[in-house]
Amino acid sequence: YYGVGIAYKYMGDYPKALEYLAQACKLQVAIYGAHSHPDVAHSLHQMGLIYKDYKNYPQALRYLEQSFFTWRACKGAFHPDTQAVKSDLETIKRIQQRLAAVKRHSTPPQDAATLGAKADGYDRLGDSWLRQQNYAQALGFYAVALELRMLAHDNQPHADIATSYENLGLVCKKQHHYAKAQEYYQQALKLWERCAGAQHPAAQLAEQTLAQLQALQKPLAQAARCEYAGELCLSQKDYKQALYCYAKALQLYRSVYGTAPHMAIMESYSALGRICAMQGAGERAIQCYEQALRLSKALYTPHQPHLDIATIHSCLGMLYMARKAYAKAVTHHVQALQIRTAVYGDEPHLAIAKSCLSLATAYHKQKRYANAAVYYRAALAMFARCKQSEGPLAQAARRKLAEVAALCPKQPQEEKIQSISRP
């Protein structure tokens, strides 16, 4: 149902798209129940975007807010999909605020020239934000300009409306959101053909841009197929073929994004690191994860904790543990724990318990028994909060705590930790 709904969306048949996406969402909720799941979040997000294209902003906000809360619950506040929905929400809210401001300060009825002049002003603001590479702000101002131009020309084909669609397409293209950019340029091309003819230079330029976007999407589609094949090979424990598939995906992403940092490239390096670790190629796995970590620093600001980065640190910590580089293992496990604590806050989560256990194990190997005891206790406290006190990991932590307690009966000053151990 979801796939058919998306197909109808790209065909421009929004009623059919909404019908199938709503059915998909209903089935997904029936399958996953009260648990938040990315599939549900995807369906809600797509429905919100369709209502946005319909200019039904209240409905769009309703679905996008549900998608945002679902993503946040299952992936955390700083996951790329959570942030993407948040950006869409902020864009719609800005559109509503600016349209309301235009309405408050306007004396109806307004003629086309007045509305056009206001649209030009919003375009200039959009241009300014675009030059500063603040794409979310640019999208908001360009979207208001489009609304004003559609009002000015009573939704009839006009070159100004086509230009507004091109502005929106340009911002999406700079964000590497090629599918969305293609939608805007298709709208622009239709308008240019209707109001100026297919041979008009603007129509031909829009057609060339569409061809470029389609050419860019081909390697991305191929990369997605390679990743799918890679996961299939992993499920069959064919690590050599899985490594080839993900290396090919990385090559395809590089052909599109070049040397610029991009999430897809970072995830490809992470996947390659995971496969190398499964093969026992620890040195190569470390190189791949370190590269992914360098990219993450270019993609995220220091105050933006992200679970994918925590996973990379955790994997590096385990790899360094296997190589008996305990000091480096401690450094990475500390980073993973700090990020997970920042993302989940006071909420109990097994990932925090596992980070505490990994860190305790690294301290144990270093014979820093007091610190190890602190984090074994923190892990046990978090397992208890997650109702996993009798699980195998909690039992292992309990045994290890007894070991370190015997090794240091007189406990020195223990390392202070955050509220993760609070019951």
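**Glu-231 and Arg-274**

I looked up Glu-231 in this predicted model and found it partly exposed, at 35% relative accessibility. I then asked which side chain Glu-231 meets in a salt bridge. The partner is Arg-274, with 2.9 Å from N to O. I placed Glu-231 in helix α10, residues 201-235, and Arg-274 in helix α12, residues 263-279. The pair therefore ties together parts that are 43 residues apart in sequence. Arg-274 is partly exposed, with a relative accessible area of 30%.

**Leu-232**

I moved on to Leu-232, which is also placed in helix α10. I noted a relative accessibility of 43% for Leu-232, so this residue counts as partly exposed. I also checked the separation of Leu-232 from Ala-384 and found 36 Å between their C-alpha atoms. Along the chain, Leu-232 and Ala-384 are 152 residues apart.

**Arg-149 and its partners**

I counted salt bridges and got 5. One of them joins Arg-149 to Asp-120, where the closest N and O atoms are 2.5 Å apart. Arg-149 belongs to helix α7 and Asp-120 to helix α6 (residues 112-131), so this bridge connects parts 29 residues apart in sequence.

I then looked up Arg-149 with Asp-123: their side chains meet in a salt bridge, at 2.4 Å from N to O. Asp-123 lies in helix α6 and Arg-149 in helix α7, so here the parts tied together are 26 residues apart in sequence.

Are these three residues buried or partly exposed? I recorded Arg-149 as buried, because its relative accessible area is 5% and the cut-off for buried is under 20%. Asp-123 counts as buried, at 9% relative accessibility. Asp-120 is partly exposed, with a relative accessible area of 34%. I logged Asp-120, Asp-123 and Arg-149 as linked in a network of salt bridges.

**Nonpolar core**

I asked how many residues the largest nonpolar core has. The number is 129. The residues with the most contacts inside this core are Tyr-165, Tyr-253, Tyr-257, Tyr-375 and Tyr-376. I then asked which helix gives the most to this core. Helix α7, residues 135-152, does so with 12 residues. I had already met helix α7 as the place of Arg-149. As background, I noted that nonpolar side chains tend to be buried together in soluble globular proteins.

**Surface patches**

I looked for a nonpolar patch on the surface and found one formed by Tyr-1, Leu-27 and Ile-31. Together these residues have about 330 Å² of accessible area. I checked Leu-27 separately: it lies in helix α2, residues 14-32. Leu-27 is partly exposed, with a relative accessible area of 37%. A patch residue needs over 30% relative accessible area, and the 37% of Leu-27 therefore meets that cut-off.

I also found a positive patch on the surface, made of Lys-324, Lys-365, Arg-399 and Lys-400. I looked up Lys-400 and found it in helix α18, residues 392-407. The relative accessible area of Lys-400 is 35%, so I entered Lys-400 as partly exposed.

Technical notes. Residues numbered from 1 in each chain as written. Predicted model: local features only at pLDDT ≥ 70, side-chain atom pairs only at ≥ 80, totals over all residues. Heavy atoms only, no water. Patch = residues over 30% accessible without salt bridge, like charges linked within 9 Å, V, L, I, M, F, W, Y side chains within 5 Å. Areas by Shrake-Rupley, 256 points an atom, 1.4 Å probe, with all protein chains shown as cover. Salt bridge = Lys/Arg side-chain N within 4 Å of Asp/Glu carboxyl O. Lys, Arg positive; Asp, Glu negative; His and termini not counted. Charge placed at Lys NZ, Arg CZ, Asp CG, Glu CD. Helix = DSSP H or I, 4+ residues; strand = E, 2+ residues; numbered from the N terminus. Buried < 20%, exposed > 50% of the residue type's maximum accessible area, 1.4 Å probe, protein only. Core = buried A, V, L, I, M, F, W, Y, C linked by side-chain atoms within 4.5 Å.
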